[in-house]
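Hi,

Here is the structure I said I would pass on. Have a look at it first, and then read my notes underneath.

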Amino acid sequence: MSQPKKIDWSSLYKKEDWWALWLGLALFFYAFIGFYAYRDALGWVPMWKVWTDISSPVAVPNPKLVFGSPWVNLIVAWIVMMLLLMGPAKLIGIKPLDWVKGFTVIYWLWWICAIITGYKPIASVVTTEFAFTLALFIGILIGNLPKLPQWLLGSARGEWFIKTAIVLLGAKILFTDWIRYGGSVLTMVLMGFPVFMLLAFPIFRLFTKNTDLSVVSAVGVGVCGVSAAIAAAGAIGAPAIYPTMVSAAILIYAAVELIILPMVAISLVKSGVISEAAAGAWMGLSVKTDGAAAASAEIVARGIGSDTPLKIGVMSKVLIDIWIGTIAFVLALIWVFLVEPRRAAVATQRKPSPLELWFRFPKFVLGYFFTSLVVSALILSLAGSVYAKAANPVDEATKAVVPIVVGRGTDPFRVLLFGLTFVAIGINTRFSLMKQYKVWNLFIAYGIALLVIIGVAYLLATSFFPK
C-alpha cells in the first residue's frame, strides 16, 4: 500500500494557486489600509474609458494623481505590476528576463485592445465586453503563429492572473448583499444554477465523451463563466487546456447573447409580456460572464427607461458568483473520494487521504471569501458606529467604503488582471493542441446547453418576478 501523501510546504511559494492568494491579499490590504491611512492609496492606477483625445486615452481614478500624463500612469502601472509579479514568477519557474519580455507583450496588448475599444466612434457601436473579446482573439492569432517564442508562452499565465483577480473580486461581492437582497433573488439563484449544471452535463458528455471536460463545461455554462470553469478545473485536477477551451466558448457565445437577448427582453417588457425585474433576472441568469451580464442588464434598463433590470440583473449575477467556492469544494470532495478512487483503486488499492482534498481545493477561493468578509465587516462596523444615526446606516457605510477600497483600490488591478487573462488565454488557445479534444463538438454542445439554460432561466425569472 502506498504511503500517505505528506504536505509539501514548498507549494506555499512555488504554486500559482498560492501566489494568487498571496498577491491578491497583498493588493487588497494595500487598498484596505489606504482607507484609513491614505484615503486613496491606489487612485493612480489607470482604468480604461471612452476617449477622443489620444493624449488621454485612460482614466486615472484620482485626477490629482495623474503623473503629468495618463500615459505615464500606464507606464508606471506596467513597471509596478511587472516587478511585483517577477519574484513569484521566478519561484514558479519563469526566468526573470523571459518574464520581463513576456509580461511586457501581454500588458501592452491588453491596453491596445482596451484603448481601441474606448475610442468614441468604436465605443458608440460596441459594448465594453468587446475589449475582452478583442484581447482573446488577438491572443489566439499570436498563439497560433508557426513559431511562438517560449518566453511568451511561459509568461501567458491566464490562470494565475484570473485567480488573483478573483481574490480581489471578493471585495466587490459583499456579504451585506445577502442581508439586503435575500428572498426572491437568492431563492431563484439557488434553484437555478444546480438545475443548469445538471441539465448541461449530459449534453456535454454526449458530444465530448469526456467526463472531466463535461464537468468543467457544465460549471462554466451553469454558473458564471470563465471564473467558474477555471475553479472547477482546478478542483478536479483537469488539464489546463479544458478551461481554455471552455473559456473560448463562453466568450464567443456571451458576445452573441449580448447582441440578441437584451433586444428580446426589451421587446417583451414593452409589450407587457414580462416585468422589468424579470427582464433583469433573465439577463443575470442567462449571460455567462460578469461584464456581459451587467452590460446586457444595462442595455435593457436603458431600453425601457428603468434601473430595475440593471439592479436585479447585477444582483442575480453577484449571488451566483458567490457560489464559485462552494461548487469547487463539492467537486474536489467528489473527485477525491469517489471519482479518482474508482479510476485508480482497482490497480493500486490506494485509499485517498483526507489531505488530498486540501491539495486539490483552489486556494485562491479562500482569498475570495476573506476579502468579501473583511470589507463587509468594515461596512457593518461603520454602520453600527459612525453612521448609526443615518436613515440607512448600511447604505451610508457602503458609500464611504466601496469607492475607496474597491473603486479606487481593488477594481483597477482586478480589471487589469482580467484583461491580461484574456490575452493569456488566447495565447494558450493553440488549435494544434485542441484538435485531439474535438473542440468543435464542445462548441456545439455549449450552444445547445446555453439554449436550454436560457429557456429555464426565463421560466425562473418570470415565476419569481411575475408581471
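Below is what turned up when I went through it.

One thing up front: this is a predicted model. The protein chain has 22 helices and two strands. Of its 467 residues, 55% count as buried. Looking at contacts in the chain with a separation of 6 or more, 76% are between residues 24 or more positions apart. As for the outside, the chain exposes about 19800 Å², and 68% of that comes from carbon and sulfur atoms.

Aromatics next. Searching the whole structure gives 24 aromatic pairs. There is also an aromatic cluster made up of Trp-78, Trp-99, Phe-103, Tyr-107, Trp-108, Trp-160 and Phe-161.

On the surface, have a look at the nonpolar patch formed by Phe-329, Val-330, Leu-333, Ile-334, Phe-337 and Leu-338, which together have about 460 Å² of accessible area. Leu-333 from that patch sits in helix H17 (residues 324-348). Its relative accessible area is 35%, so Leu-333 counts as partly exposed.

And what about Thr-208, buried or exposed? Thr-208 belongs to helix H10 (residues 184-208). Its relative accessibility is 9%, under the 20% cut-off, so Thr-208 is buried. Its side chain makes a polar contact with the side chain of Ser-214, at 3.1 Å. Setting aside neighbours within four places in sequence, Thr-208 is in contact with Leu-213, Ser-214 and Leu-442.

Cheers

Technical notes
Residues numbered from 1 in each chain as written. Predicted model: local features only at pLDDT ≥ 70, side-chain atom pairs only at ≥ 80, totals over all residues. Heavy atoms only, no water. Phe/Tyr/Trp six-rings, centres within 6.5 Å; stacked < 30°, edge-to-face > 60°. Patch = residues over 30% accessible without salt bridge, like charges linked within 9 Å, V, L, I, M, F, W, Y side chains within 5 Å. Areas by Shrake-Rupley, 256 points an atom, 1.4 Å probe, with all protein chains shown as cover. Salt bridge = Lys/Arg side-chain N within 4 Å of Asp/Glu carboxyl O. Helix = DSSP H or I, 4+ residues; strand = E, 2+ residues; numbered from the N terminus. Buried < 20%, exposed > 50% of the residue type's maximum accessible area, 1.4 Å probe, protein only. Polar contact = N/O pair within 3.5 Å; in protein donor to acceptor, adjacent residues only side chain to side chain. Contact = heavy atoms within 4.5 Å.
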